Amino acid sequence: MSALTSREIQLASRPVGWPVPENFRLTEVQLPELADGEILVRNLAMSVDPYMRGRMNDVKSYSAPFALDAALDGGAVGEVVASRSAERKEGDVVVHGLGWRDYAVLPATSSKKVDPSLAAPSAYLGALGMTGLTAYAGLTRVAAFKPGDTVFVSGAAGAVGSMVGQVAKALGAARVIGSAGSAEKVAHLLELGFDAAFNYHDGPAKQKLRGILGEGSGIDVYFDNVGGEQLEAAIAVMNPFGRIAMCGAISVYNSTEAPSAPRNLATAIGKQLTLRGFLVGAHQDLAGEFAQKMAGWLADGTVQADETVVEGLENAPQAFIELMRGANTGKMVVTLP
């Protein structure tokens, strides 16, 4: 394939319920000539993330819906192979937003240069990128975490959840509890330093949490990646003045019916809880502080950055489908050799 053409994954049809391979199309397109200020990037790795499921629906949200018969997009890291910008030179490694394709043409100002000598390029999509900043901002600012807090994280073996638990421990949490979808993931959370974890398939989350916490103990912070029954369970065991950072609700993303939970939101009144949704884009001012701390934690082993790697652009749709079913441990990354 010449640098004048590129393969890309297009949205062929909008999923109804769970996405299927037929919703995606692999095609080859002609690349435009570079204009002044633009760069050509050969993507090395791309991210698949749960929020992308919402963009596959034709509904108004915080991000514009993906267009039919057009390339999907999302976080990617790649090498500049041609440049018409003084800000970027050939060989630079950059993070940008045009994933789901082998090559991307974009304004140099829409990219961020990163240092591949400090970490593998894919780390800038995960622990050192949006994933890590989501965990850090959600925990420290949105949930107003304090040393000594007891923290519960749902979807704790996923990209963001695994970071939240480890960061909470690094910042002095008294106890960190995680939920995950298999015995293997539960065991892995304990290896990462979580104090306790449970498999949400093994019984009601509220019962599991109460069993772990013991009589008279509750949680101060809930980092919610799942919504639904686990949000209901967290509300039930929150301490007074507890804080909930609402990052995601993956349990309902593919549902065609209204969620059955939480049914106990009124409890938040008496407990004087704070439930706050957030988007990482509103917390970019923390990026410098976060990057410095995370680089140190990764270097000394305080934080372990897990990746589930799928090779090949043609396998990106299946990687996304498997992500939605919880097949990943840590960040799901598609490498583009």
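Start by selecting helix H2 (residues 130–142) and helix H8 (residues 287–300): the two pack at an angle of about 105°, with axes 10 Å apart. That makes H2 roughly perpendicular to H8, a label covering 65 to 115 degrees, where under 35 is roughly parallel, over 145 roughly antiparallel and the rest oblique. The axes are lines fitted to C-alpha atoms, for helices over the stretch in contact, and angles run from 0 to 180 degrees between N-to-C directions. Helices (H or I, at least four residues) and strands (E, at least two) are DSSP runs, numbered from the N terminus.

A word on the model before moving on. What you have open is a predicted model, where local features need pLDDT of at least 70 and side-chain atom pairs count only at pLDDT 80 or more, while totals for chains, interfaces and linings use all residues. Residues are numbered from 1 along each chain as its sequence is written, and side-chain values use heavy atoms, with hydrogens and water left out.

Now show side chains where the two helices touch. On the H2 side pick Gly132, Leu133 and Tyr136; they meet Ala287, Glu289, Phe290, Lys293 and Trp297 in H8. Contact here means heavy atoms within 4.5 Å. Sorted by class, the contact of H2 with H8 has five nonpolar, one polar and two charged residues. In that scheme Ala, Val, Leu, Ile, Met, Phe, Trp, Tyr, Cys and Pro are nonpolar, Asp, Glu, Lys and Arg are charged, and the others, Gly among them, are polar.

**Next: strand E3**

Select residues 38–47. Eight of the ten residues of this strand, E3, are buried, so E3 is largely enclosed by the rest of the structure. Buried means under 20% relative accessible area, exposed over 50%, and partly exposed in between (1.4 Å probe, protein chains only).

Which strands does E3 pair with? Add strand E4 (residues 76–83), which runs antiparallel to E3 and is joined to it by seven bridges. Then add strand E6 (residues 103–107), paired with E3 in the antiparallel sense over five bridges. Strand E15 (residues 331–335) also pairs antiparallel with E3, over three bridges. Two strands count as paired if DSSP finds at least two bridges between them.

Click on Ile39 and look to both partners: Ile39 stands opposite Leu106 in E6 and opposite Ser83 in E4. Glu38 has Pro107 of E6 as its bridge partner, and Ala45 is matched with Thr335 in E15. E6 itself is mostly covered, with four of its five residues buried.

**Over to the parallel sheet**

Six strands form an open sheet here, in the order E10-E9-E8-E11-E12-E13, with parallel pairing. E10 and strand E13 (274–277) stand at the edges, each with a single partner strand, so one side of each is left without a neighbour in the sheet. On average, neighbouring strands are turned by 15° against each other, direction ignored. For a look inside the sheet, select strand E8 (residues 150–153) and strand E11 (residues 219–224), which run parallel and are joined by three bridges; Val151 stands opposite Val221 in E11.

H4 packs on this sheet, touching E9 and E10, and its direction makes about 170° with that of E10. Helix H5 (residues 205–213) lies across E8, E9, E10 and E11, running at about 155° to E10.

**Zoom in on H4**

Select residues 183–191. Which residues of H4 are buried? They are Lys185, Val186, His188 and Leu189. Seen down the axis of H4, these fall within an arc of 160°, so they line one face of the helix; the arc is that of the directions from the helix axis to the C-beta atoms. They pack against strand E9 (175–180) and strand E10 (196–199). The face turned away carries the exposed residues Ala183, Glu184 and Glu191. After H4 comes Gly193, with a positive phi near 110°.

**Two last stops**

Val114 sits in strand E7 (residues 112–114) and is buried, at a relative accessible area of 10%. Leaving out residues up to four places away in sequence, Val114 touches Val77, Val93, Val94, Val95 and Tyr124. The C-alpha atoms of Val114 and Val94 are separated by 5.6 Å, though the two are 20 residues apart along the chain.

Finish at Glu257, in the loop between strand E12 (238–246) and helix H7 (267–271). Is Glu257 buried or exposed? At 63% relative accessibility, Glu257 counts as exposed. Its C-alpha atom is 9.3 Å from that of Gly17, 240 residues apart along the chain.
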